[in-house]
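Student: Hi, could you walk me through this one? I'd like to start with helix packing and then get to the charged pairs.
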Amino acid sequence: MSTTRTFKRLPREIREQQVLDAAVRVFSHHGFHTASMDEIAEVAGVSKPMVYAYLGTKEELFIACLRREATRLMEAIADVVDPTLGLSDQLWSGLRAFFAFVGAHRDGWAVLYRQARGQEPFAAELAAMRRRIVDVIADMLDRAVRAEGRQIHGIDLEVSAYALVGAGESLADWLADHPDADPDKTAGRLMNVAWLGAAQLLRGDVWAPGGSEPPVTSRDAA
């Protein structure tokens, strides 16, 4: 009796997604350097040569995982943010979608946020993804403020966006380690911690030590 492993024929796009699913799981558990293509092929249920044929080297496969998970994350947020809503409602919808994604794709988040940091060229991919998210948040803040007949200096919009994204990433990392945590409640906690301050800044309220004139205001040049 032959012991040669056989593989059911499936369309290439389905096979590629299977390989990416397997790779995300293996990379998230072992990290890029320790993960093996043999294990990825085994988890995907395909041959090792098929992994290379479809998605290239291990480095190319890791980058493909990063790009797919980043695209999924951005699409999850874009699908729920309604530009006709008020700013707080837009941000709330986006945060709920963001944390729901992390809660449902903890392995994907581990690859995106943990495994890619500090390793080139993966860190550059992660930085580009973060920049896109910051730009989306800054644009959302700008549109909402302008809709109320006000204008905020660009540097304040950028700083607010970076602060919200950074806080979101840190809390998402916490969520990934706490499978019993509720993504909706996590989003609510970030709204309470971060949004209250951001809302005041966007209204033009700036904190200053000891009640003195603030060193930087929204009217100052960058």
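Student: So how are α1 and α2 set relative to each other, and at what angle do they cross?

Tutor: In this predicted model, the axes of α1 (residues 12–34) and α2 come within 8 Å and cross at roughly 130°. The two helices are therefore oblique to each other. Under 35 degrees would be roughly parallel, over 145 roughly antiparallel, 65 to 115 roughly perpendicular, and the rest is oblique. Axes are lines fitted to C-alpha atoms, for helices over the stretch in contact, with angles from 0 to 180 degrees between N-to-C directions. Helices themselves are DSSP runs (H or I, at least four residues), numbered from the N terminus.

Student: Which residues make the contact?

Tutor: Contact means heavy atoms within 4.5 Å. From α1 come Gln-18, Val-19, Ala-22, Ala-23, Arg-25, Val-26, Phe-27 and His-30, and from α2 come Glu-39, Ile-40, Val-43 and Ala-44.

Student: What's the mix of nonpolar, polar and charged there?

Tutor: Eight are nonpolar, two polar and two charged. Here Ala, Val, Leu, Ile, Met, Phe, Trp, Tyr, Cys and Pro count as nonpolar, Asp, Glu, Lys and Arg as charged, and the others, Gly among them, as polar.

Student: Switching to charges: how many salt bridges are there?

Tutor: The count comes to 13, taking a side-chain nitrogen of Lys or Arg within 4 Å of a carboxyl oxygen of Asp or Glu. One of them joins Asp-38 and Lys-48, with the closest N and O atoms 3.5 Å apart. Asp-38 is in α2 (residues 37–44) and Lys-48 in α3 (residues 48–55), 10 residues apart.

Student: Are those two buried or exposed?

Tutor: In between: Asp-38 is partly exposed at 46% relative accessibility, and Lys-48 is partly exposed at 31%. Buried is under 20% relative accessible area, exposed over 50%, and partly exposed in between (1.4 Å probe, protein chains only).

Student: What about the pair Asp-184 and Arg-96?

Tutor: Their side chains meet in a salt bridge at 2.9 Å, N to O. Asp-184 lies in α9 (residues 183–202) and Arg-96 in α5 (residues 87–104), so this pair ties together parts that are 88 residues apart in sequence. Arg-96 is partly exposed, at 37%.

Student: And which residues form a network?

Tutor: Asp-21, Arg-68, Glu-69 and Arg-72 are linked by salt bridges.

Student: Any ground rules for reading all this?

Tutor: Residues are numbered from 1 along each chain as its sequence is written, and side-chain values use heavy atoms, without hydrogens and water. Local features need pLDDT of at least 70, side-chain atom pairs count only at pLDDT 80 or more, and totals for chains, interfaces and linings use all residues.
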